[in-house]
Structures are given as C-alpha cells and as structure tokens.
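Q: Hey, I'm new to this one. Can you walk me through how the two chains meet?

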Amino acid sequence: MANRDTILASLKANKPKLIDLPFIDAAVFDEQLDLAAEFTKILEVVGGNVVAVSNDDEIASHLQNSFSELPIKYSTIDESYGSIDLETIANPKDLENLDVLVLESTIAVAENGAIWLADKNLPIRVLPFITKHLAIIISKKDIVPYMHQAYTKLNNTESDDYGVFISGPSKTADIEQSLVIGAHGALSLTVYLKG
Amino acid sequence: MSHPNLASIFNKDEKRVDWHDKALWFVRHKRDRSVHNVKGWESLRELGHGIKAHTLSNIDNYLIQFEVNALNNGVQVHWAANAEEHNQIVHKILKKNNAKKVVKSKSMLTEECHLNPYLEADGIEVIDTDLGERIVQLAKEPPSHVVLPAIHKDRHQVDELFQEHLGTEPCDGDPQYLTAEARKHLREKFIQADVAITGVNFAVAETGGFVVCTNEGNADMGAHLAPVHIACMGVEKIIPKQEHLGVFLRLLARSATGQPITTYSSHFKKPRKGAKMHIVIVDNGRSEQLSRPDFRASLHCIRCGACMNTCPIYRRSGGHSYDYTIPGPIGSILSPGKDLKKYSTLPFASTLCGSCSDVCPVKIDIHSQLYKWRQIITKNTPQPFIKKKSMKVMGQIFAKPSQFEKIGKVARWSLRNLPKSFINSKPNAWGKARDLPKGPKQSFDDWHKQREDNKLKNK
C-alpha cells in the first residue's frame, strides 16, 4: 500500500489545475454514410469477405460450399452445423484444431468494418482467435456509422465482462512491411450481412 | 554513445537506409490517405488532446476510481513506483503460480523496465509473441520502432534467424512462409504458457476495464489460453470513460499504419471463469514528468509511432540510434526527463521542422518541446568545444550589424574562391555529406536595397 499512496500523492502534487473535460459532439463527424455499403467496402479493404444474404438458408448453403472439406466446426446459431460439443471442452487449449466458427453479433461499425463480439455471444473467449476460419452473422440494421455510436450502444446495454471489436482476419506486416493475412488469429473472416 | 555516433553506424549501409526511409515514408502516406477520409479529423485530434489534458489534471482520482472498479471486477491491482518494483511484482505473481513459461504481447512498458532479462535470470522462459518483437528477440535486439519493432531488419535476416532458431527451410525471405512458420512456433508457446503478459493501450476509470489493440491476435491468444493474465500499464494510460475509447480508437490505428482500426481491439474487464487477472500500474518517472509544465503533454502519447514515420531524422538514422525504449521525436522529449546527461543528444536529433507535431493524433507540441529541452540541456550539460565556441562567435557576429556585413562579405568570397578541401574540412560537420552553396556576390541586404532603389527610380 505504501507504493500506491506514494504514487498517488506524487501525481496529486504534480498535476496541473483542473482542466475541463471536452464534450464529444458526434454530429461533427457525420457524413450521412450509406452504412451497409461503407461497412462492406471497408471490411473488404481490411481483408474480410462480405456476403449479403436474405435468409438463414443462404447462410447455411454458403457455409456448406465454403468449408465443406473442414471437419471441426462450431456454431452458436445452428446446433446441427457444429461437430463439437463445448461441454466437453475442459480447457480452452482443447479448441486448438477448430476449423470453422460461426457467431452472431449485434453491433457493427461502418467506418472501420469492426464487429463487436462479447461474452454473451461468445461461449469461450478464445474461440474467434483460435479458429482457422471465422464467420459472423450481422443484420444490416445493427450497423452504426462511427465508433461513437457503437459506444453509445454499448453504454446502453448491460456491460460485458469481455468484448472485442474485430475488423478483418488477423494480419501482420512485420517482415519488410509485406502484408500477410493470418498471423495468430483467424486466417479468414466471412461476414454474412442479413436484411 | 551519442545519437550522431549511433546514427553513423546505421548509415554505413546506404541501401538499407534508403529502404528504411522510403518504407516509413510510405506508412506516413498511408496515414495521410486514411485521415483525409475522416470528416472532422482535426476536431477528433482536438478531442484526443483535450481528453488527455483533462485526465492528467485529475489523474490521481481517475486511478483511484479505476482501482475500485477493477477490484470489484475481481481483478488484482498492484502499484509500482519504478521499473525494479514492477519487475519484482510480476516475478512474485509468476512464482506464486509456479509459472515457468510466459507469453508476452507488445508492451513498451515492460521493455522500458527490462522485464525479460529480469525473469530470464530466474530461469523463466519469456516469449514475445508479436511477430516483429519475436524477430528482434531472436536477434537479441530491442525493438527499433513502437509499432514496427523489426523495421530495421530485411527479409533475408529474418530468414536466417528463423533457420537458426526455429529450424525453418531457406526460403529467400518469403514473408508468407516465414509468417506461417512463426504462427506454428508461437501456437505451441500459447498452448504451453502458464501466464500471459500484455500491455494496456487504454484503461477506463469508469469501468475498471482496459483495452489492448493488436493486428495479429497475439494478446488474446495469450490471455484467453493461460490461466493467469498480467496487464502492465503506465499511469498515463488511464482515460475517464468508455465513450472516450470512441475517440482514441478512431485516432490510433489511422495514425499508426493508416488502418481504420486495428484488427482486434479487446476490452478486458473481468477474468474468465477459473482464471486470474492482475493489473500492474507503474509510475517510473511519469509523475515527475507531470511536474514539468513545459513537458507534461508528452504524457498524452498513445504510442502510434506517427512521429517516427514522418521524422526525416528517424527515417535516416533508425530507431536504435536513439538508444531509448521509445525512439524518434516522442522518445526525444520523454528521455531527457529520465536522464538528462545520457539522452542529451536526442533533442538535437531533429530539424525542428514540426512534422511530428502535425501528425500527432493527440496534438503534443513535440517540436516545441524538443526546442525547450535543448535550452535546458545546453545550460546543464557540457557541450562540445567547437559547438560552444562557434555559438559564442556567432552570437557576437549577429549582435553587431556592421560586423555581420563584413564577415558576410568574407564568407561569400570564401565560398566562391577557397578550395572544397578547406571549406569542407573537419570542423564543418555540415560538409561531411553535402557541399555548401556557391557564395553569391551580393548580400541579401544589398539586394534588398537595390530593389528599393529601382522601385523609386521607376516611379
């Protein structure tokens, strides 16, 4: 505790006089985006694959066609799609061989293609990272224009113990600035845009 | 060693310097393209600056609020006054959990504290999991950039390192193959890890949660697999509210690499079931920097690296020439506060062009602070003889216009008539890599007078 108090006392002694906290007026940034079009454009730029669908059958058949070769799958939406039972996963490490994961989200951001996944739609936190291929279903009506609106939406719902904005598949450019898709997280991201 | 000496080592490989310069300038371009697409970008920067300035003016209370909320979330909170204490705290947590294997995602703070060697001395394996950081770790070097740690290495060097340490096949530096091999190698480390250490990009007082940003997904792979997660943060990472993340996450990646946001922006609040989470809050000189009115805005920094990418000196001297954890312009205003003598050459590693201040997402007046550190350093540390003398002589010349005119005449004549070997002789550092211009016959004063006279005549 001695450290804590010393550090806080020295910060208190050294800080300047109180400066006002600015107000965020999100209207300043508004460009009247076409949300679905912008979201699709940006997500494709960051390496994601966007598929517009009108019903769940289209999602099922697209999944079937895309990943038919891959044996280990899990979906939080459609039980019949999965090949594993999460109840049998004692340790998140046991998910190491997961090929395909299908999840649902209720917040997506047009300006940066980010999709919010949180504990409530994520039975085990490591799932969207450890899977080789990630598919997320989102409704057009759930796209907000900017991060400001995303946080307004998050502030209005019950707070999540863990949540992540995901924008595209994992990537790195650490070797001579050459972009390589598929670093530690998912190798691919497919987003099904409903409505 | 001083910045000029270390820079001259980097400058030995001219082709490499050219590549480094162009690669970083390209990143700067990507940043420009990205921010020009954001309506109200300047307002966003103003907000970033304003929120940080406000936070620093109430930082003790926000940290207390953060601690209360984090404890309520079931997270253990530790405080470290300096690097030594930080390392001891982390070490103690590892011991308590019988941890032998640690995976660590990018954290400039743990670099600053030299955590790895401290833990390794006790036989603990620490693996840096960001690809760039893993590369420099294998090479036994520090990162040379906060966002692009291995930007000073070429693909063939990475190829050789991986052959030696990971047993890869020679591949002529194929980034796709090397990255895939690193993925396999690090996947194994993630699975085996006893503890995951991450940095913190933003800590939110209102929720007690914190945000970690990566493109590779390495922070999450570590934190969600290991039974214990330790997050290390400097006191200045605190922000008041969750809604402020909206501002900073819009600024960060665009300024860093031109991406609209990092691939993963992970919001940690409570540990997962059965796992433990610790936060270590570190001062290590930050409260002292806060006491300096001219320099406290340096604590606004969100570590995007934009000032490095744009800096003509950084691009041509490389990150290692700064010999400080945070290189580039921002490092040059943070480091003198830590050790004025050791880092006395860094504020001079600048043309004061101001480009760093122009691109800074939280509007730190970096180049003004560089200038102010120069004043302090010149007064408080011994200066080289030639520099001291020449400054004194220059001061005297500039103080007397008639003398200035006489010397100017001599100088212009000399530049026209004396041999290059004399003009570019040793005391003239400027002449090392460039020629001086040919001296004009007329001084500016003469030219201006003549012009005014002509104007009168033509009336």
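**Where the chains meet**

A: Sure. This is a predicted model, and its contact draws 91 residues from chain B and 68 residues from chain A.

Q: How much area is buried between chain B and chain A?

A: About 6900 Å², with carbon and sulfur atoms giving 61% of that.

Q: And how many salt bridges does the rule find across the interface?

A: Six salt bridges turn up between chain B and chain A. One of them joins the side chains of K15(A) and D60(B), at 2.9 Å from N to O. There are also 39 residue pairs in polar contact across the interface, both residues being at pLDDT 80 or more.

Q: Which part of chain B gives the largest share of the side that touches chain A?

A: That's helix α10 of chain B, residues 175–192, which supplies nine residues. By class, the chain B side has 41 nonpolar, 27 polar and 23 charged residues.

Q: What about strands, which ones pair between chain A and chain B?

A: Strand β8 of chain A (residues 162–166) pairs with strand β9 of chain B (residues 264–268), antiparallel, over five bridges. Within that, F165(A) has S265(B) as its bridge partner.

Q: Switching topic: is I42(A) buried or exposed?

A: I42(A) counts as buried because its relative accessible area is 13%, under the 20% cut-off. I42(A) sits in helix α2 of chain A, residues 35–45.

Q: What is I42(A) in contact with, leaving aside neighbours within four places in sequence?

A: A110(A), E111(A), N112(A) and G113(A), plus P260(B) from chain B.

Q: And how far is the C-alpha of I42(A) from that of V191(A)?

A: They're separated by 12 Å, with the two residues 149 apart along the chain.

How values were computed:
Residues are numbered from 1 along each chain as its sequence is written. Chains are lettered from A and ligands numbered from 1 in the order in which they are written. This is a predicted model: local features need pLDDT of at least 70, side-chain atom pairs count only at pLDDT 80 or more; totals for chains, interfaces and linings use all residues. Side-chain values use heavy atoms; hydrogens and water are left out. Contact means heavy atoms within 4.5 Å. Buried area is the accessible area (1.4 Å probe) that two parts lose on being put together, summed over both. A salt bridge is a side-chain nitrogen of Lys or Arg within 4 Å of a carboxyl oxygen of Asp or Glu. A polar contact is a pair of N or O atoms within 3.5 Å; within protein, one must be able to donate a hydrogen and the other to accept it, and residues adjacent in sequence count only if both atoms are side-chain atoms. Helices (H or I, at least four residues) and strands (E, at least two) are DSSP runs, numbered from the N terminus. Ala, Val, Leu, Ile, Met, Phe, Trp, Tyr, Cys and Pro count as nonpolar, Asp, Glu, Lys and Arg as charged, and the others, Gly among them, as polar. Two strands pair if DSSP finds at least two bridges between them. Buried means under 20% relative accessible area, exposed over 50%, partly exposed in between (1.4 Å probe, protein chains only).
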